[in-house]
Amino acid sequence: MPVAPDAPHAAVARQVAGGWQLPAIANLHSHAFQRAMAGLAERQTHPEDSFWTWRETMYRMAARFDPDSLYAVARQLYVEMLEAGYGSVCEFHYLHHAPDGRPYADPAAMSQALIAAARDTGIRLTLLPVLYMTGGFDGRALGERQKRFGHDVDGYLRLFETLHAQTGDMLRVGCALHSLRAVPPDAMRAVLAALPADARIHIHIAEQVGEVQDCLAIRDLRPVEWLLQNADVDARWTLVHATHLNDWEVAGIAKSGATVAICPTTEANLGDGLFRLREYLDAGGAWGIGSDSHISVSPVEELRWLEYGQRLVKRRRNIAVGDASTSVGETLLHGAYASAKNATGFDAGGDTLVLDAEAPLLAAATAGDVADRWLFSGNRPCVKDVHIAGRRVVADGRHADGAAVLAHYRTALAKLSGM
């Protein structure tokens, strides 16, 4: 139903000295190590390249990482996130062991590298160690290149307990189930039963058509159907992607209170498909954005292409609006902010970004149009300052440690690339 043209804006920005202040944005889905391969999977390897062929490049890159290189890449990524206006990140972390699958002397070494990277840059981190057990819905064993991802239930819970003990003002630790194909039903139930009552739970689901087809063939239900019927999905849950849904699933997720983490640039890069945004908004569903494989590290691009994808499919404009506002930018930002606490576990309402009032795209901006100008009028960065937990971590568009972090990243990337 069209919104009346005089519907009031629920402005998210307020004018402050030097710019426009908005809440910082939560990044609900990240695989930090994949930043190192951004742009390296853009050559055709098969006439029908897809996620499944992209995964070969990912496996090759994943095999090269150790805790030191993961720290260097994650620290650079987190600097970029802060400079772009993200204030927190949910790290969906499955790169646990050495490349041959043997645990490091400290079984949490790779997780600790991510914790250190977040601490040293000043971003809030929701660390989500991943349970990854099987190579498909049929229960096949993990392949050689997947062994460094794997745990049994007991080993996973030991890792979770080690990490959860470190929870603090800047760190939350939740649980990630890699996917239904990678976690057998009994293991899923055992882990869920052992988690603290307030633990956040994230899962990849319904990302590719092939995944939906395999789930139907083996479990006789679509992935989201199966999950909603076999787990107590509620506001603690974040369903990542949920791209391929039927009407019942759209309504079911919305009713559950779970958040969908939509990752438009990665979903486009992989050719996965488009989320059913308008139908989900109509159902009252909660959603947020993630940069996932980090082919882009920009909330502007995620939110812009969330809307633009819908325009291309529906062949009309201004899709993501609701009863509260006729502004697409306002609606998108409100949606991203509303889901952040449930998905991340942080009550981070005091974390802010400031958009530079001198940026050309914000010339003559008002509180009523600054969100639309920021999201839909160019690619020049205009985040000036970012404050996290009372500390200014970005000033005049730059992180204080950005130069040193970049130098370390360049060295690490040269080694990862074999240069």
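Helices α2 (residues 67–84) and α3 (residues 109–121) cross at roughly 35°, and their axes come within 8 Å. Here helices (H or I, at least four residues) and strands (E, at least two) are DSSP runs, numbered from the N terminus, while axes are lines fitted to C-alpha atoms, for helices over the stretch in contact, with angles running from 0 to 180 degrees between N-to-C directions. This is a predicted model, in which local features need pLDDT of at least 70 and side-chain atom pairs count only at pLDDT 80 or more, whereas totals for chains, interfaces and linings use all residues. Residues are numbered from 1 along each chain as its sequence is written, and side-chain values use heavy atoms, with hydrogens and water left out.

The crossing of α2 past α3 is right-handed (the near helix is turned clockwise from the far one by less than a right angle; anticlockwise would be left-handed). On the α2 side, the contact (heavy atoms within 4.5 Å) involves P67, L70, Y71, A74, R75, Y78, V79 and L82. These meet A109, M110, A113, L114, A116, A117, A118, D120 and T121 of α3. By class, this contact has 14 nonpolar, one polar and two charged residues, where Ala, Val, Leu, Ile, Met, Phe, Trp, Tyr, Cys and Pro count as nonpolar, Asp, Glu, Lys and Arg as charged, and the others, Gly among them, as polar.

Y78 also stands out in the largest nonpolar core, which has 134 residues; Y78 and W374 are those with the most contacts inside that core. A nonpolar core is a set of buried Ala, Val, Leu, Ile, Met, Phe, Trp, Tyr and Cys residues joined through side-chain atoms within 4.5 Å, and buried means under 20% relative accessible area, with exposed over 50% and partly exposed in between (1.4 Å probe, protein chains only). Neighbours within four places in sequence aside, Y78 is in contact with A32, V89, E91, L114, A117, A118, T121, I123 and L125. In soluble globular proteins, nonpolar side chains tend to be buried together. Helix α2 also holds E80, which is buried at a relative accessible area of 17%. Beyond residues up to four places away in sequence, E80 touches R35 and V297.

A second helix pair, α4 (residues 153–164) and α5 (residues 185–194), packs at an angle of about 30° with axes 10 Å apart. The two are therefore roughly parallel to each other (angles under 35 degrees; over 145 is roughly antiparallel, 65 to 115 roughly perpendicular and the rest oblique). Helix α4 passes α5 in a right-handed crossing, with V153, Y156 and L157 of α4 meeting A187, A190, V191 and A194 of α5. The residues of this contact divide into seven nonpolar, no polar and no charged.

Several buried residues lie outside these helices. T126, in strand β5 (residues 124–131), has a relative accessible area of 1% and is buried. Residues up to four places away in sequence aside, T126 touches V89, C90, E91, R172, T344 and F346. L245, in the loop between β9 (237–241) and α8 (247–256), is buried at 8% relative accessible area. With the same sequence neighbours left out, L245 touches R222, V224, V250, I253, F275 and R276.

Two loop residues have positive phi without being glycine. A206, with phi of about 50°, lies between β8 (201–205) and α6 (209–219) and is buried at 0% relative accessibility. D292, with phi near 50°, lies between β11 (286–289) and α11 (299–314) and is buried at 3%.
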